[in-house]
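Open the model in your viewer and keep the selection panel at hand. Each stop below says what to select and what to look for.

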Amino acid sequence: MLLRILPGSFGARRDVANDIPMEKDACGYFSVDVPDAGPGTRYGYVVEGNLYPDPCSAFQPEGVCAASEVVDHDAFPWTDGDWRGKSLTNLVFYEVHVGTFTPEGSFEAMIPRLDELANIGINAIQLMPVAQCPGSRNWGYDGVFLYAVQNSYGGPVGLKRLIDACHRRGIAVFLDVVYNHIGREGNVLGHFGPYFSDKYGTPWGKAMNFDGEWSDGVREFVIANVVYWADEYHLDGLRLDAIHEMYDRNAIRIWDELYTAVKQWEARSGRRYYLVAESDTNDPRTTQSPELGGKGFDAQWLDDFHHALYVLLDPGGWRNYRDFGAIGQLAKAYEQGFVHSGEYVYFRHRRHGASAAGISGGHFIVFNQNHDLPGNRPDGKRLAALVDAPTLKLAAAALLLSPYIPMLFMGEEYGEEAPFYFFSDYQEEDTKKGLIEGRRTQFASFQFDGDPRDPQDMQTFEDSRLRWEKRLEGPHAQLLALTAELLRLRREHPLLAELSKHRIRVDVTGENGLALLRWSARRDLELLCLLNFSAYSPMPFGRDHRDWKPLLVSCPIGDFVPPRSFAVFERRVVAPAGE
């Protein structure tokens with residue numbers, strides 16, 4: 001194998017390129033020292049006569065099919081030396097797609113908006129994947145260079161400036177990463193080794209080879225990437241996409257090695273580095289430690305909470321979540337976590353899941369929306385385009401009053417109505433051609449109206465941008481103020497700040513209402529949250545008003561909670577004499 005130093009890009013004349021032989025070690029790795037190759041040097045590798053970018057490239061300034069560029073990570077002037085992170089259970093996540101968050105679509109363009117997010121109580125940004133993808137616009141889940149930051153967003157320097165700015169404002173930063181597969185277009189890994197498995201597959205392409213022949217190097221490639229984001233970009237954590245599509249049957253699993261690597265990094269750095277999982281298995285072992293047979297994640301997304309809540313908010317929601325719809329399922333989600341904990345699930349045609357009743361609330365992240373939920377509808381509609389203003393307020397309360405870590409999807413705090421479509425910018429004709437048909441096939445089994453938008457159409461991307469100015473208008477401003485007040489209450493009230501499921505009871509009240517009662521360890525303070533999901537029937541209060549002090553209501557409350565509204569009450573409990 002040869003290292004080729006290039007004066008510009010892969011389009012440069014070969015007679016001015018410098019080919020340098022590389023030496024192979026006993027483990028099969030090639031290396032060479034090039035003293036003159038400093039920051040900005042463009043290069044690639046010649047394998048069997050063909051020139052490819054570096055699979056571990058830190059920057060692809062001209063895209064996935066062009067030269068790699070040397071980056072000096074130590075050159076960035078960080079100002080966050082005093083940053084020690086935040087406790088995971090105190091975080092309020094805010095998921096962002098960099099390209100559609102601002103008109104400029106860059107990391108640096110996000111910085112002026114951080115103060116507004118911090119002011120309403122957001123203290124953790126979760127970025128959708130920024131690993132280098134084909135073209136200039138993409139959801140990011142087809143990244144092909146796991147160590148390179150998307151050039152169209154601002155590259156390595158832009159991301160570092162954003163993270164540094166976030167830390168100055170007390171905002172943690174998490175990054176969504178994909179290790180279950182690698183995107184197709186621009187993927188060079190297969191030319192360098194057996195990175196992909198012939199035993200397993202994923203819905204999006206070949207599975208990574210974590211347990212086959214020569215898989216040690218593949219595992220090292222991924223584990224090193226996890227630590228890389230902490231070391232070089234000062235990230236506070238990662239969200240791992242679809243871990244149920246990461247296959248490993250070894251005695252020592254990749255989860256065991258990943259857990260050890262992260263704990264070693266934490267010991268060296270003196271701060272926490274959190275790993276969050278997306279998993280559809282409803283397996284409580286996801287967040288249990290490897291010593292107990294678990295995967296060791298600090299938290300996981302709780303899809304069941306969303307499904308159980310969504311069908312109560314959107315009258316048409318049951319059509320695509322047929323295993324949900326009963327008010328008691330949302331009660332179970334509040335008290336236990338997983339709704340499906342061993343029951344037969346029609347969607348899967350089998351029993352599914354196990355109980356999460358013993359897993360603390362701080363191990364789950366809940367949401368009303370995320371990138372998938374509008375993006376995997378043909379019309380790209382967000383919740384604000386599906387329900388009315390009172391229902392949006394109820395949805396915000398149902399989320400932010402839960403005993404879990406909450407996450408908002410960008411714009412949700414003010415009821416953004418612009419769609420969020422699936423979009424892409426693939427360059428190869430074969431990839432473009434199969435994309436629309438693939439989307440139609442994906443939606444065939446669901447009851448959605450209309451055809452999906454063309455992901456390649458630039459207008460699809462443009463229409464997905466936030467309309468940030470709306471946050472100060474009418475109902476949008478009202479929802480924003482309510483979101484801020486709910487976040488303040490969650491932050492300041494001791495019973496909401498503690499993510500305990502052991503001191504919470506949820507009762508079904510009226511036609512479609514829930515009463516969430518929480519109490520302190522000494523039973524001297526109680527909090528009552530009333531949520532009425534009925535569109536027509538008032539919900540009886542069911543308690544003596546004189547004992548309860550109202551903290552926050554979405555509309556006037558008497559003996560009944562009106563339809564599509566909520567109320568939060570508090571009372572001090574005086575222990576009987578002699579206790």
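The tour goes from a pocket to a cavity and then to single residues and salt bridges.

**Before you start**

This is a predicted model. Residue numbers count from 1 along each chain as its sequence is written.

**Stop 1: the second largest pocket**

Select Gly28, Tyr29, Phe30, Phe192 and Tyr195. Of the 29 residues that line the second largest pocket, these five lie nearest its centre. The volume here is about 1000 Å³.

Now colour strand E5 (42-47), strand E6 (50-52) and helix H5 (215-233). Each of them supplies at least two residues of this pocket's lining. Which element gives the largest share of the lining? H5 does, with 6 residues.

Switch to colouring by residue class. The lining of the second largest pocket shows 19 nonpolar residues, 5 polar ones and 5 charged ones.

**Stop 2: the largest cavity**

Next, go to the enclosed spaces. A search of the whole structure turns up 5 cavities of 30 Å³ or more. The largest cavity holds about 120 Å³ of space. Select Gln369, Leu392, Ala396, Glu412 and Leu479: among the 17 lining residues, these are the closest to the centre of the largest cavity.

Show helix H10 (389-400) and helix H13 (474-492). These are the elements that give two or more residues to the lining. H10 gives the most, with 4 residues. By class, the lining of the largest cavity divides into 8 nonpolar, 5 polar and 4 charged residues.

**Stop 3: Asp323**

Select Asp323. You will find it in the loop between helix H7 (303-313) and helix H8 (327-335). What does a buried acid without a salt bridge have around it? The nearest side chain of opposite charge belongs to Arg348, and it is 7.1 Å away. A salt bridge needs the nitrogen and the carboxyl oxygen within 4 Å. The side chain of Asp323 does reach the backbone nitrogen of Phe347, at 2.9 Å.

**Stop 4: Leu238**

Move to strand E15 (residues 237-240) and pick Leu238. Is Leu238 buried or exposed? Its relative accessibility is 0%, so Leu238 counts as buried. Add Tyr273 and draw a C-alpha to C-alpha distance: the two are 8.1 Å apart in space and 35 residues apart in sequence.

**Stop 5: salt bridges**

The structure holds 35 salt bridges. Start with Asp248 and Arg219, whose closest N and O atoms are 2.7 Å apart. Asp248 sits in the loop between E15 and helix H6 (254-269), while Arg219 is in helix H5; the pair links distant parts of the chain, 29 residues apart. Both partners, Asp248 and Arg219, are buried. Helix H5 has already appeared at the second largest pocket, where it contributes to the lining.

Then select Asp241 and Arg239. Their side chains meet in a salt bridge at 3.1 Å, N to O. Asp241 and Arg239 are both buried. Extend the selection to Asp176 and Glu278: together with Arg239 and Asp241, they are linked in a network of salt bridges.

**Last stop: Asp547 and Arg571**

Finish with the salt bridge between Asp547 and Arg571, where the closest N and O atoms are 3.7 Å apart. Asp547 lies in the loop between strand E25 (539-540) and strand E26 (549-553), and Arg571 lies in strand E28 (residues 565-572), so the pair ties together parts that are 24 residues apart in sequence. Check accessibility here. Asp547 is partly exposed, with a relative accessible area of 42%. Arg571, at 24% relative accessibility, also counts as partly exposed.

Terms used. Predicted model: local features only at pLDDT ≥ 70, side-chain atom pairs only at ≥ 80, totals over all residues. Heavy atoms only, no water. 1 Å grid on protein atoms, 1.4 Å probe; cavity = no way out; pocket = protein on both sides within 12 Å on 5 of 7 lines; lining within 4 Å. Points joined across faces, edges and corners; volume = space filled by probe spheres on them. Nonpolar A, V, L, I, M, F, W, Y, C, P; charged D, E, K, R; others polar. Buried < 20%, exposed > 50% of the residue type's maximum accessible area, 1.4 Å probe, protein only. Lys, Arg positive; Asp, Glu negative; His and termini not counted. Polar contact = N/O pair within 3.5 Å; in protein donor to acceptor, adjacent residues only side chain to side chain.
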